[in-house]
Amino acid sequence: MGLRLYGHWVSQPARSVLWLLHMKDKAIGRDFDFHKVEPMKGDTRKSSFTDLFPTARSPAIHEPDNNDFKLAEGSAILQYLCEKNNWEDWYPSSDLQSRARVNEYLSSHHTTSRRCTLKVFHPVMMSIMKPEGPAVDYAALEAVSQKEANRFSSTWLQNGPFVGGFEAPTIADLFAYTEFAQIPQMDIFEKYDDDRVEEWLARMRELPHHDDVHRSLFKLTALKRKLGK
Ligand SMILES: N[C@@H](CCC(=O)N[C@@H](CS)C(=O)NCC(=O)O)C(=O)O
């Protein structure tokens, strides 16, 4: 088996990678091995993981038959898979500047859109895992999310239907979507104030395999409802 992917379906960057693989008709067990790691249970800090991936973060890939190649970081993995397989529909190469525009988003993602997970998703996740803990301040989480979405809209959705002004989605959209979409998907609030963000989310939901790759998140939302969180 050529490719091993380490990750978890609730992880945003792992979902983005899994979504791309599914849309390229790559199936678990046939085209790649999926190794489930649970960061919340400390799996990414175990030596069995860090010996392979010193960054101690999933998603990560390993190609034992390809110079024993190992790579972490969701955006680097998306770029690598597209370049390796010539998936130019997801990572445009028609001109240098288009690809640079996608790279620009991917670089900015970690200090912008990723806040949706670090500042919003994580506290909600903790409240599900430790239901006896302090109540979540949903109004504060909504304020953070709306601010981040407004910034995303004015920076990336100004010039066209997809991130960076493209007419079709790229790996930048796959990477951004899992951050912004999870918040309404988890009932943290109903919708974004910014219409461009809502329209973009709706376009992305139409992509093949959307529901397949989000199934674990839907289950988590069902658990959150059951706990009254
Ligand atoms: N910059 C990384 C972030 C990856 C990341 O935050 N992974 C989480 C799971 S979603 C993780 O492995 N956390 C382990 C830990 O914090 O110990 C990427 O985009 O792939």
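Helices (H or I, at least four residues) and strands (E, at least two) are taken here as DSSP runs, numbered from the N terminus. The model is predicted. Its ligand occupies the largest pocket, with 15 residues surrounding the ligand. The loop between H2 and S3 holds Ala56 and also Pro59, and the residue joined to Pro59 by a cis peptide bond, Ser58, is among the closest to the ligand.

**Ligand shell**
- The closest of the surrounding residues are Arg45, Ser58, Glu73, Gly74 and Arg114.
- By class, the shell around the ligand consists of five nonpolar, six polar and four charged residues.
- Domain 1 (3–85) and domain 2 (96–226) each contribute at least three residues to this shell.

**Polar contacts and burial**
- Ser58 places a backbone N or O atom 2.7 Å from a nitrogen atom of the ligand.
- For Glu73, a polar side-chain atom is found 2.7 Å from a nitrogen atom of the ligand.
- Arg114 has a polar side-chain atom 2.8 Å from an oxygen atom of the ligand.
- The ligand exposes 510 Å² when taken alone, and 82% of that is buried by the protein.

**Loop between H2 and S3**
- Pro59 is located in the loop that runs between helix H2 (47–50) and strand S3 (60–63).
- The peptide bond between Ser58 and Pro59 is cis, with omega at about 10°.
- Ala56, which lies in the loop between H2 and S3, has a phi near 60°.
- That phi of Ala56 is a positive value in a residue other than glycine.

**Ser58 in both settings**
- On the ligand side, the contact of Ser58 comes from a backbone N or O atom, whereas Glu73 and Arg114 each use a polar side-chain atom.
- On the chain side, Ser58 is joined to Pro59 through the cis peptide bond.

Terms used
Residues are numbered from 1 along each chain as its sequence is written. This is a predicted model: local features need pLDDT of at least 70, side-chain atom pairs count only at pLDDT 80 or more; totals for chains, interfaces and linings use all residues. Side-chain values use heavy atoms; hydrogens and water are left out. A residue is near a molecule or strand if one of its heavy atoms lies within 4 Å of it. A polar contact is a pair of N or O atoms within 3.5 Å; within protein, one must be able to donate a hydrogen and the other to accept it, and residues adjacent in sequence count only if both atoms are side-chain atoms. Accessible areas come from the Shrake-Rupley method with a 1.4 Å probe; for residues, only the protein chains shown count as cover. On a 1 Å grid over the protein atoms alone, a cavity is a set of points where a 1.4 Å probe fits but cannot get out, and a pocket is an open set with protein on both sides within 12 Å along at least five of seven lines; lining residues have an atom within 4 Å of a point. A molecule sits in a cavity or pocket if more than half of its atoms lie within 2 Å of its grid points. Ala, Val, Leu, Ile, Met, Phe, Trp, Tyr, Cys and Pro count as nonpolar, Asp, Glu, Lys and Arg as charged, and the others, Gly among them, as polar. Domain bounds come from an automatic or database domain assignment.
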